[in-house]
Every structure is written in structure tokens, then in C-alpha cells.
Amino acid sequence: MSTVARSMPSAAPVLEELVSSRYAVKIGDIDVLVVSDGVLPLPTVTMAHNASAAELSDWLDDQRMPPDKFDWPLNVLVVRSGEQTILVDAGLGVQFPDFPRAGQFPHRLESAGIDLATVTDVVVTHMHMDHVGGLLVDGVKERLLDDVRIHVAAAELAFWENPDFSRTSMPEAVPPVLRSTAKQFASLYRDRIRPFEGRFEVAPGVVARVTGGHTPGHCVVEVASRGESLVFAGDAVFPVGFDHPDWFNGFEHDPETAARVRFDLFDELVANRGLMVATHLPFPSVGRVAKQGDAYRWVPVIWDF
């Protein structure tokens, strides 16, 4: 998946890489590249605000994770189907200064040999700042094609005109930045945004499907070719969700619906044994889902070099 890349400004300080920040997967005739945008240090309570402190503490201890803060991975996707190159989400950009280790997307695309000028389509799973912020980095819009198609669920666009945070449990500083980032994105790309409803085929074998839950217009992206499949789950799935799919994430605007979406998606993946990638699973976030009692189990793929 390489083309000659132009130089471009970085979204955040460039971090030295000990290992590659990208991982390639072939789904039939479709190329998929997972790119790490870095990590976000967040309070652990955001993983489960309907669980007791003792339950969450036990889970964190069992996972050998720190009790107060954890590194929340942040992944984006590049998909090539036929003549189309599709960017799925765009990372954080420079929207939140307290997350200096994220916002790596622009220069990491460049280091992968992907020129933004070759991107024909962008799918935004939802308009939280860590999914659209990269599109707001200086110089990114200018490098995209004038006729690039940016696909966002109509329900998502409508929600961010007057967003409701009454059911969320986020750090206090976050909602204002979410509001301003969504507003800036919708305004800056107004002439390129293509709203959709339900299911929308972005390219042959690449379908965006609205799930709701995390946000009203949250969508997943399904990739299928020659009997193989992969789902980019966006923020429908978090690390704690396999053991406790009923726990509410603090960034979910409709937690009950988000939990149902999680159960349904896991059950689909258990049945079809397809691959899954999610925004906030540890990079490269490629694996399968298995049933384990009343819960589920994450089965990461073995890296293929």
C-alpha cells in the first residue's frame, strides 16, 4: 500500500518508534492497514462507571493494570478496495494538549508511504475528537482531494448540533473540547461530507453500518472479500468489554444501547469467526472473538511478518 508521500506537518511531537506503528492485513482482494495514532492516558474509572469500585479494582489487578490511569490505545484504518483508498477515522490531532503521546496519524501515514492526496474516501465512525481531530491538523485538508468523500452518519451530524452529555462520565475538561472539535470538523468539511443512514457501501466489499450506542450515529465498518471478513468496531469495544460487556464506558452517550451493540457484535464475530479491529484495543488490534461462559474472550492474531 505504498505511494510516494509528500512531507506534511506533524499533528504532535514525533515519537521515536521501537517497533513499526502499522500492521497490514489482506482480506481477500482488499488491503487493510492498521495505523497507531498513539495512546491516551485516561482515568481507569472511565472504563466502567456502572461497576463498583471494588469490581473495577479487581479487574484491573487481574489484568496487571495500574489502578488510577491506563494507556488507552488509538488506532485508525486505511483500506484499499479497487481504485479507492479509504481512511477510517483520523486520530486525535492536536485537540487536547494533555494527550501528547497521541496525534501521530499524519506523519505515520507518511512513513507508511501513503499520500493523503490518494485518499478517495474517509469514513468517520463518530465525531469524538480522537476520531476526527487528525483532519483538523494544519495542512491536512489542503492535501486531501478537493472531491474527497467524507462519509458520516446523518444521525451523528444531527447529534453534534446540540450534543447531550447527561449519560456520560468523562473527565470534566473533555466535553467542551468534544463540542468544539465536532463543530469545527462539520464546518471545515461541510462541502465534502456525505451523510448516510443505515448501511452504506463505500467501496466494493467495504460497508459502513450505523450501530448507535456510543454516539447516536456511531458506525462500524465491515470489510469482506473472497469469504474473508474484518470489522472495524470503532468505539463499540474496549478492553474491559470482553470480560464485562455490560459495563458502561464513560464516553458512551447511550450506555444501555452501547452494551447491546457490544453483545450483538461479539455474537456476530463468534458465529462467523471474522477478524476484528477496534480503535481502543492494543495495537495492532487484530484478532477474533470467542465465547467464554457468559462473557467473551479476545484471541489476537499471531503477527505475520
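A pocket is an open set of grid points with protein on both sides within 12 Å along at least five of seven lines. In this predicted model, the second largest pocket holds about 250 Å³ of space. The briefing below covers that pocket, the enclosed cavities, and two helices, namely helix 6 (residues 174–188) and helix 7 (residues 255–272).

**Second largest pocket**

- The second largest pocket is lined by 16 residues, and those closest to its centre are Val 25, Lys 26, Ile 27, Leu 275 and Arg 288.
- At least two lining residues come from each of strand 1 (22–27) and strand 11 (228–232).
- Strand 1 makes the greatest contribution to this lining, supplying five residues.
- Sorted by class, the lining of the second largest pocket comprises seven nonpolar, five charged and four polar residues.

**Cavities**

- Across the whole structure, two cavities of 30 Å³ or more are found.
- The largest cavity contains about 110 Å³ of space.
- Its lining is made up of 14 residues, with Leu 40, Leu 42, Trp 72, Asp 130 and Phe 251 lying nearest the centre of the largest cavity.
- Strand 2 (30–43), helix 3 and helix 6 are the elements that each give two or more residues to the lining of the largest cavity.
- Nine nonpolar residues line the largest cavity, together with three polar and two charged ones.

**Helix 6**

- Helix 6 has 15 residues and spans 21 Å from its first C-alpha to its last, close to the 21 Å expected at 1.5 Å a residue.
- Its buried residues are Val 174, Pro 175, Val 177, Leu 178, Thr 181, Ala 182 and Phe 185.
- These residues lie on the same side of helix 6 because they cover an arc of only 160 degrees around the axis.
- The elements covering the buried residues of helix 6 include helix 3 (129–132), strand 6 (149–153) and strand 7 (193–196).

**Helix 7**

- Helix 7 has 18 residues and reaches 26 Å between its first and last C-alpha, close to the 26 Å expected at 1.5 Å a residue.
- The buried residues in helix 7 are Pro 255, Thr 257, Ala 258, Ala 259, Val 261, Arg 262, Leu 265, Phe 266 and Leu 269.
- Cover for the buried residues of helix 7 includes strand 9 (206–210), strand 11, strand 12 (275–277), strand 13 (287–292) and strand 14 (295–300).
- Arg 273, located just after helix 7, adopts a positive phi of about 60 degrees.

How values were computed: Residues are numbered from 1 along each chain as its sequence is written. This is a predicted model: local features need pLDDT of at least 70, side-chain atom pairs count only at pLDDT 80 or more; totals for chains, interfaces and linings use all residues. Side-chain values use heavy atoms; hydrogens and water are left out. Helices (H or I, at least four residues) and strands (E, at least two) are DSSP runs, numbered from the N terminus. The expected span of a helix is 1.5 Å times one less than its number of residues. Buried means under 20% relative accessible area, exposed over 50%, partly exposed in between (1.4 Å probe, protein chains only). The arc is that of the directions from the helix axis to the C-beta atoms. Contact means heavy atoms within 4.5 Å. On a 1 Å grid over the protein atoms alone, a cavity is a set of points where a 1.4 Å probe fits but cannot get out, and a pocket is an open set with protein on both sides within 12 Å along at least five of seven lines; lining residues have an atom within 4 Å of a point. Grid points are joined across faces, edges and corners, and a volume is the space filled by probe spheres set on the points. Ala, Val, Leu, Ile, Met, Phe, Trp, Tyr, Cys and Pro count as nonpolar, Asp, Glu, Lys and Arg as charged, and the others, Gly among them, as polar.
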